Amino acid sequence: MAKTTQGRDAEWREELRAAMTAKERTAIPRTQMPTLAPDVRVTNNMEVNSGLSREQAVTEATRCLDCPTPTCVEGCPVGIDIPGFIKNIQRGAISDAAAVLKRTSALPAVCGRVCPQEKQCESRCIYTKMKKQPVAIGYLERFAADSAAAEAVDNSSEAAERNGMKVAVVGSGPAGLSFAGDMAKRGFEVDVFEALHEIGGVLKYGIPEFRLPNSVVDAELDSLRRAGVRFHTDTVIGKTLSYEDLLNDGFSGLFVASGAGLPRFIGIPGENYIGVLSSNEYLTRINLMGAGRQGYDTPAPTGRRVAVVGGGNTAMDSVRTARRMGAERAMIIYRRSEAEMPARIEEVHHAKEEGVEFLTLCNPIEYKADERGRVRSVVVQRMELGEPDASGRRSPVPVEGAIEEIDVDLVIVSVGVSPNPLIPNSIEGLDVTSRGTICVDDNLRTSIPVIFAGGDIVRGGATVILAMGDGRRAAASMAAQLLNNE
């Protein structure tokens with residue numbers, strides 16, 4: 001039987017397996033990601049993680065055991081051939097590694113930076129059963145994607161032969177982009193409609209450049225454009241264009257990926273004071289609208305003593321941004337313990353390096369203001385952990401009499417988001433849940449057969465990679481329906 005070029009039985013893969021024993025591979029320590037020094041990075045918006053060198057990447061790739069049943073793939077929401085791209089890195093075929101990634105992921109350079117690999121693919125790595133650190137899959141994904149971009153290797157799919165049908169996408173975040181890429185590969189004409197003035201959704205407005213540079217997002221978008229995807233900015237579906245307008249324009253299907261952009265607040269006294277704002281507003285002003293940067297007129301909310309309420313990745317992005325905006329004291333206020341924070345361990349570690357204080361087991365109960373109505377302090381109730389709640393985390397309960405007032409001059413609330421109601425409210429017959437999310441079946445099809453939905457508008461708030469997984473699943477389902485008239 002002839003050997004394949006990329007398959008598991010390729011001659012080069014057999015040679016790699018034979019070159020080193022499993023015991024020798026597992027003895028190699030996990031490569032550490034180089035980073036900018038904390039005292040340097042808090043003064044600018046440069047990317048904190050510097051990326052692996054070629055030597056570091058090859059060494060880390062050598063650790064991969066190329067398991068017969070790669071459980072890491074089962075942990076990836078978009079089903080990347082993880083051993084395939086990693087073993088290509090080991091043999092030095094970086095462009096081939098990037099091509100393997102592009103077969104299933106529209107945004108590998110993005111995912112390599114912001115996906116919670118430690119909870120997904122890396123958590124399923126065989127090394128974890130050996131009580132060893134898993135292969136650094138995310139670092140290697142970033143390396144392959146960045147190297148291909150640096151060498152001007154175009155791993156985007158060429159525009160496929162058109163099948164005569166066109167589909168519309170609402171929202172240009174990770175779900176919408178993943179869907180668009182997969183539908184373009186299947187020969188559909190794809191138009192993506194974005195309400196904001198820039199394409200990228202939460203990748204642009206929600207994630208700071210010190211974690212995800214805009215240039216990386218733009219490079220991924222260019223790849224989709226080369227595959228034939230068309231992008232339209234400043235277009236609000238449900239206002240600028242209606243669903244009926246899209247039907248009249250000849251679109252055969254609609255994928256709703258409008259996200260969850262409505263911020264939540266706790267509902268405590270003082271939330272309307274000047275200087276209390278949501279993380280959505282704070283990060284959008286700075287990341288997308290240039291607040292604080294030369295040449296931009298967007299007002300920059302700043303403070304010497306900044307409190308961020310919450311413990312997720314968005315809270316970490318907000319508090320680390322506050323440090324870069326000049327905060328002398330930047331605090332995380334979180335009602336549970338640090339061990340229960342949903343934020344990535346790496347982000348918590350970086351925040352601590354940058355001088356962020358963690359006030360855990362503290363729950364804000366009131367904000368106080370000065371005579372001008374500007375917030376001057378936050379009153380917190382000390383908490384302790386009680387019994388586990390429905391999510392399995394131990395519920396925080398108040399410690400009687402343990403109340404403290406902390407001086408602040410800016411409060412950023414990051415306690416979750418709700419779905420954008422515009423699409424659900426503007427399309428008659430579209431079923432929604434009591435939480436405002438769109439109802440879908442197992443194929444991500446809504447109550448209207450030609451409308452599919454995925455990402456945060458369905459989940460109510462999740463990760464980039466889960467949204468991308470929804471985009472891929474919805475593309476497969478819609479394509480099957482439209483092409484086979486199911």
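Start by selecting arginine 372 and aspartate 370: their side chains form a salt bridge, with the closest N and O atoms 3.5 Å apart. Keep in mind as you click that this is a predicted model. Colour the pair by accessibility: arginine 372 is exposed, at 62% relative accessible area, while aspartate 370 is partly exposed, at 22%.

Now bring up residues 362-369, which are strand β10, together with residues 394-407, which are β12. These two are the edge strands of an open sheet, and each of them pairs on one side only. The sheet has three strands in the order β10-β11-β12, and the pairing is antiparallel. If you look along it, neighbouring strands are turned by 20° against each other on average, ignoring direction.

Next, select residues 375-388 to light up strand β11. How many bridges join β11 to β12? There are nine, and the two strands run antiparallel. For one concrete contact, pick valine 378 and look across to its bridge partner in β12, isoleucine 406.

Time to move on to another salt bridge. Select glutamate 354 and arginine 324, whose side chains meet at 2.9 Å, N to O. Glutamate 354 sits in the loop between α16 (345-353) and β9 (357-360), and arginine 324 belongs to helix α15 (residues 313-324), so this contact ties together parts that are 30 residues apart in sequence. Are these two residues buried or exposed? Glutamate 354 has a relative accessible area of 2%, so it is buried. Arginine 324 is buried too, with 14%.

Leave that pair displayed and add Arg41, Arg211, Asp317, Arg320, Glu347 and Glu353 to the selection. Together with Arg324 and Glu354, these residues are linked in a network of salt bridges.

For the last stop, select arginine 142 and glutamate 47. Their side chains meet in a salt bridge at 2.9 Å, N to O. Where in the chain do arginine 142 and glutamate 47 lie? Arginine 142 is in helix α9 (residues 137-150), and glutamate 47 is in the loop between α3 (38-41) and α4 (54-63). The pair links distant parts of the chain, 95 residues apart. Switch on the surface here: arginine 142 counts as buried because its relative accessibility is 6%, and glutamate 47 counts as buried at 18%.

If you would like to keep exploring, run a salt-bridge search yourself; across the whole structure there are 40 to find.

Conventions
Residues are numbered from 1 along each chain as its sequence is written. This is a predicted model: local features need pLDDT of at least 70, side-chain atom pairs count only at pLDDT 80 or more; totals for chains, interfaces and linings use all residues. Side-chain values use heavy atoms; hydrogens and water are left out. Two strands pair if DSSP finds at least two bridges between them. Helices (H or I, at least four residues) and strands (E, at least two) are DSSP runs, numbered from the N terminus. Axes are lines fitted to C-alpha atoms, for helices over the stretch in contact, and angles run from 0 to 180 degrees between N-to-C directions. A salt bridge is a side-chain nitrogen of Lys or Arg within 4 Å of a carboxyl oxygen of Asp or Glu. Buried means under 20% relative accessible area, exposed over 50%, partly exposed in between (1.4 Å probe, protein chains only).
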